[in-house]
Amino acid sequence: MRNRKRIINPGDQFGKLTVLEPAGDNSWLCQCECGKKKELSFRSLVYQNVRSCGCLRGRKEKLVIEPGMRFGMLTIVEKGERINRNLVWICKCDCGKVKEIYQSNLQNGKTRSCGCSQYIRPVLSEEEKAAKRRKARRALGLPEED
Ligand SMILES: [Zn+2]
Ligand SMILES: [Zn+2]
């Protein structure tokens, strides 16, 4: 027989999804590899090729953190231990303090110092400012200012 309806059984795999149990009319409770559970209809699984809870789509490239990298006033020293499943990095602040910072806080830009100060852009001296101005003017082809 052609066009035979595909039957879904608990335990079936659809990409990252494993079918757990029926969840009402024509939908199924599925478990994604990422740990999330989601109810999906027969249509979604069979015809729309849904293959994850949604984590497959829109998965962002996370910033890779390595020792030596700078985040504001912080320099990454080394990898720390996991705290509550969050990776922690040992960071040295410009003020000299060493602190453990959650990787997620570094990645999303939340933490940029040991807490000693909000990260402020380095203050330039008048001389440095003038040098910057001269450089910018040269780049634009403008006459030197005196
Ligand atoms: Zn998922
Ligand atoms: Zn500090």
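How many bridges join strand 6 to strand 7 (residues 86-93)? The legends below address this question and others on the predicted model.

**Figure 1. Overview of the chain in the predicted model.** The secondary structure of the chain amounts to 3 helices and 8 strands. Read from the N terminus, these elements follow the order β-β-β-β-α-β-β-β-β-α-α. The chain has 146 residues, of which 12% count as buried. Among contacts between residues at least 6 apart in sequence, 20% join residues at least 24 apart.

**Figure 2. The open sheet formed by strands 5, 6, 7 and 8.** This sheet contains 4 strands in the order 5-6-7-8, and their pairing is antiparallel. Strand 5 and strand 8 (98-102) have a single partner strand each and stand at the edges, so one side of each lacks a neighbour in the sheet. In general, the strands of a sheet pair through backbone hydrogen bonds, in either a parallel or an antiparallel manner.

**Figure 3. The hairpin of strand 5 and strand 6.** Strand 5 (residues 70-71) and strand 6 (residues 74-83) run antiparallel and are joined by 2 bridges. Phe-71 has Leu-74 of strand 6 as its bridge partner. The hairpin has 2 residues between the strands, and Gly-72 takes a positive phi near 65°.

**Figure 4. The hairpin of strand 6 and strand 7.** The answer to the opening question is that 7 bridges join these two strands, which run antiparallel. One of the residues with a partner here is Thr-75, whose bridge partner in strand 7 is Lys-92. In this hairpin 2 residues lie between the strands, and Asn-84 in the turn has a positive phi of about 50°.

**Figure 5. The pairing of strand 7 with strand 8.** These strands run antiparallel, and 5 bridges join them. The bridge partner of Trp-89 in strand 8 is Ile-101.

**Figure 6. The surroundings of Cys-93 in strand 7.** Is Cys-93 buried or partly exposed? The C-beta atoms of 19 other residues lie within 10 Å, whereas a buried residue needs 20 or more, so Cys-93 counts as partly exposed. Leaving aside neighbours within four places in sequence, Cys-93 is in contact with Met-73, Leu-74, Lys-99, Ser-113, Cys-114 and Cys-116. Leu-74 is also the bridge partner of Phe-71. Cys-93 and Arg-112 are 19 residues apart in sequence, and their C-alpha atoms are 8.7 Å apart in space.

Methods:
Residues numbered from 1 in each chain as written. Chains lettered and ligands numbered in written order. Predicted model: local features only at pLDDT ≥ 70, side-chain atom pairs only at ≥ 80, totals over all residues. Pairing = 2+ DSSP bridges. Contact = placed C-beta atoms within 7 Å.
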